[in-house]
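The following paragraphs lead the reader through a structure, one element at a time. Please keep the sequence and the coordinates in view while reading.

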Amino acid sequence: MSLIRDHLNVHAQALQLREQRGNILASNVANAATPGFKARDIDFQASLKQAIGSGELKTTSVGHIPVSGNAGDQLQYRQPTITSLDGNTVEMGVEQMEFAENTVRYQSSLEFLNAKIRGLTRAMRGE
Amino acid sequence: MAMNVFDISGRAMSAQMLRLNTVASNLANANTVSTNKEDAYRAIRPVFETEYNDQLQQTGLSTVNVTEVVQLDREVTRSFQPDHPLADSEGYIYESAVNTDEEMVEMMEASRQYQNTLEVVSTLRTLMAKTMRMGQ
């Protein structure tokens, strides 16, 4: 089992992080007209490195607090290129481009996963 | 309560829709007159506020709340029209304080925001549907 999990590991983690990032960008777009709202984003590379590098920490005692590779650890505020008077740092163009890129990369991770699963299924069937 | 993209976008869209409704109401009352200064129509605006998913703001998820709808503090114009049926004893009427150009800009922005949010939610929904078919 763990071999199959390792086989899918990078793209499975990437897919999860891409989804989280999509939701964060959706929040930014939703708050584009709210005065004083500060746009957030995650450092994707650092988050992915953290998620696959450390692996899952085992808890061996009831007193242990489980540690998850959460994207929230890498959450940062966006630096606006042009500041607005109402203190809102959402720039529609920037958010749209980031969202488009995130979507394309989500789809490529999904494609890679699909290809790997197809390969595994073929190997199991032995055709 | 954990938020998902449908909560985020749905509430953002209803906030923008409320904003469009206030614009409609302002434009409808753009040329109304009244007998006294207090009753004259003044433009109304919604007040938006960010609502975070969690108090510590660790997930980065947030949506929009309309906290109240306020009446703008604008000076109404007084004009002398003694033959007007609504004129007061001195012959004056009070015209509503609505700037139609400003309302049109407000309407454009609200509708763009609405479209942007809708586009985001429909893209993410497609991605979810594709993910459901993974491995088939």
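In this predicted model, helix 1 of chain A packs against helix 3 (residues 92-125) of chain A, with the two axes 9 Å apart and at an angle of about 155°. Because angles over 145 degrees are counted as roughly antiparallel, helix 1 of chain A and helix 3 of chain A are therefore described as roughly antiparallel to each other. The crossing of helix 1 of chain A with helix 3 of chain A is left-handed. Sorted by class, the residues of this contact comprise 13 nonpolar, six polar and six charged.

These helices belong to a chain whose elements follow the order α-β-α-β-α from the N terminus on. Chain A thus comprises three helices and two strands. Of the 127 residues in chain A, 30% are buried. Among the contacts in chain A with a separation of 6 or more, 80% join residues 24 or more positions apart.

Helix 1 of chain A also takes part in a packing across the two chains. Its axis, for residues 2-30, comes within 9 Å of the axis of helix 2 of chain B, and the two cross at roughly 165°. This angle makes helix 1 of chain A roughly antiparallel to helix 2 of chain B. Here, too, the crossing of helix 1 of chain A and helix 2 of chain B is left-handed. On the side of chain A, the contact is made by G22(A), A26(A), V29(A) and A30(A) of helix 1, while helix 2 of chain B supplies N116(B), T117(B), V120(B) and L124(B). Five of the residues in this contact of helix 1 of chain A with helix 2 of chain B are nonpolar and three are polar, with no charged residue.

The helix pair can now be placed within the interface as a whole. In total, 26 residues of chain B are in contact with 24 residues of chain A. On the side of chain B that touches chain A, at least two residues each come from helix 1 (5-28), strand 2 (44-52), strand 3 (62-71) and helix 2 (100-132) of chain B. Helix 2 of chain B gives the most to this side, with 10 residues. The side of chain B that touches chain A divides by class into 10 nonpolar, 13 polar and three charged residues.

Beyond helix 2 of chain B, the segment that follows holds G135(B). Is this residue buried or exposed? G135(B) has 10 C-beta neighbours inside 10 Å and therefore counts as exposed, the limit for that class being 12 or fewer. Apart from its neighbours within four places in sequence, G135(B) is in contact with N114(A) and I117(A). The C-alpha atoms of G135(B) and S9(B) lie 29 Å apart in space, and the two residues are separated by 126 residues in sequence.

Chain B also contains an open sheet of three strands in the order 1-5-4, with antiparallel pairing. Strand 1 (33-34) and strand 4 (77-80) of chain B are the edge strands, as each pairs on one side only. Strand 1 of chain B runs antiparallel to strand 5 (residues 92-95) of chain B and is joined to strand 5 by two bridges. Within this pairing, Y94(B) in strand 5 of chain B is the bridge partner of S34(B).

Terms used
Residues numbered from 1 in each chain as written. Chains lettered and ligands numbered in written order. Predicted model: local features only at pLDDT ≥ 70, side-chain atom pairs only at ≥ 80, totals over all residues. Contact = placed C-beta atoms within 7 Å. Helix = DSSP H or I, 4+ residues; strand = E, 2+ residues; numbered from the N terminus. Nonpolar A, V, L, I, M, F, W, Y, C, P; charged D, E, K, R; others polar. Axes fitted to C-alpha atoms, helices over the stretch in contact; angles between N-to-C directions. Parallel < 35°, antiparallel > 145°, perpendicular 65-115°, else oblique. Left-handed = near helix turned anticlockwise from the far one by under 90°. Pairing = 2+ DSSP bridges. Buried ≥ 20, exposed ≤ 12 C-beta atoms within 10 Å, placed from the backbone.
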